[in-house]
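Student: Could you take me through one small part of this structure up close? I'd like to see how a single spot fits in with what's around it.

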Amino acid sequence: MLVDYHVHPNTFLNGNYHSDIELLKPFLDACKLKGIRELGFAEHGPRPHPTYNHTALKPEELESYLQTLQHLQKESPDIQVKIGIEIDFEPGSGEYWTSLLAGHPFDFVACSVHYLPDWLPTSQGMAAYIQSGKSIELLYSEFYRTLQEAARTGIFSFMAHPDLIKIHSLLNQIPEPENLPELWENTCKTMAEENQCLELDTGWKRGNLNCFRPEPWMVTVAAQYGIEFTLGSDAHQAQDIGSDYPEALSILKKSGISQLAGFSRMKRIYHPLD
Ligand SMILES: [Zn+2]
Ligand SMILES: [Zn+2]
């Protein structure tokens, strides 16, 4: 059974959350076409970062977001609508997220490291980082250390696109550090200790970066540590739901993974890969 746990319908108007289930229904229709039975909405949670802002829920909009998706759940007998959120984790932000999310009936909470206190995932952000005299090795180490810190909080259902840091090797042709295999291995050790699930994300396959997140070799290492995976498309439009799934499924199967994780009220559930 197929799932897509990373969908951003981007129902924002002038920066404010816009509650309208009619805007969400095309996503359900796309699931029917592609044989996807569980659809996880994961709009961005509040983004405290002062300069990295795009469509994101404000704390006071969480209730309206939850109610809209609960309403959609009732109107969707065929596709299981899962209520989720994608959180930007930064070092030291665990307590903030724990208190913000407490008491809200999410099915899942996805963790993303999109930026760090001294780095943004843009060409200018990278240039500023390099000008400050810091090395790529340090940046990668800090990125993966932050992912590990996030896993240790126990807050998150899965780590979304856990090798997003490679954006620079792809955009700016900066070589990845030689110790990347070791960094990933250490990260997988922590993920396994914390029973932390990962996402195989197909979003960048659609653009000119043309890759899975994480890379297939990283899936293989993670699977050797017994780490479980869910699947997501990072679709912002209904037509992108479940994109590149045949290849993604083959990557998972080649790594010996036999089931996909899904989530219900913050509990992991399993679907065999057949
Ligand atoms: Zn993301
Ligand atoms: Zn996302």
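Tutor: Let's go to serine 243, which sits in the loop between strand E9 (229–232) and helix H9 (245–254). Keep in mind that this is a predicted model. Is serine 243 buried or exposed? Something in between: it counts as partly exposed, because it has 18 C-beta neighbours inside 10 Å, and buried would take 20 or more. Who does it meet? Setting aside neighbours within four places in sequence, serine 243 is in contact with Thr202, Lys205, Arg206, Ser233 and Ala235. Arginine 47 is another story: it is 196 residues away along the chain, and the C-alpha atoms of the two are separated by 27 Å.

Strand E9 starts at residue 229, and that takes us to the largest nonpolar core. This core has 70 residues, and Phe229 is one of the three that touch the most other members, along with Ala110 and Met159. Helix H5 (residues 136–153) gives the core its largest share, seven residues. In general, nonpolar side chains tend to be buried together in soluble globular proteins.

Now pick methionine 159 out of that trio. Again leaving out neighbours within four places in sequence, methionine 159 is in contact with Cys111, Leu147, Ala150, Ala151, Gln196, Leu198 and Glu199. Among these contacts, Leu147, Ala150 and Ala151 fall in the stretch of helix H5, residues 136–153. So try finding serine 243 in its loop between E9 and H9, then Phe229 in the core.

How values were computed
Residues are numbered from 1 along each chain as its sequence is written. Chains are lettered from A and ligands numbered from 1 in the order in which they are written. This is a predicted model: local features need pLDDT of at least 70, side-chain atom pairs count only at pLDDT 80 or more; totals for chains, interfaces and linings use all residues. Helices (H or I, at least four residues) and strands (E, at least two) are DSSP runs, numbered from the N terminus. A residue is buried if 20 or more other C-beta atoms lie within 10 Å of its own, exposed if 12 or fewer, and partly exposed in between; C-beta atoms are placed from the backbone. Two residues are in contact if their C-beta atoms, placed from the backbone, lie within 7 Å. A nonpolar core is a set of buried Ala, Val, Leu, Ile, Met, Phe, Trp, Tyr and Cys residues joined through C-beta atoms within 7 Å.
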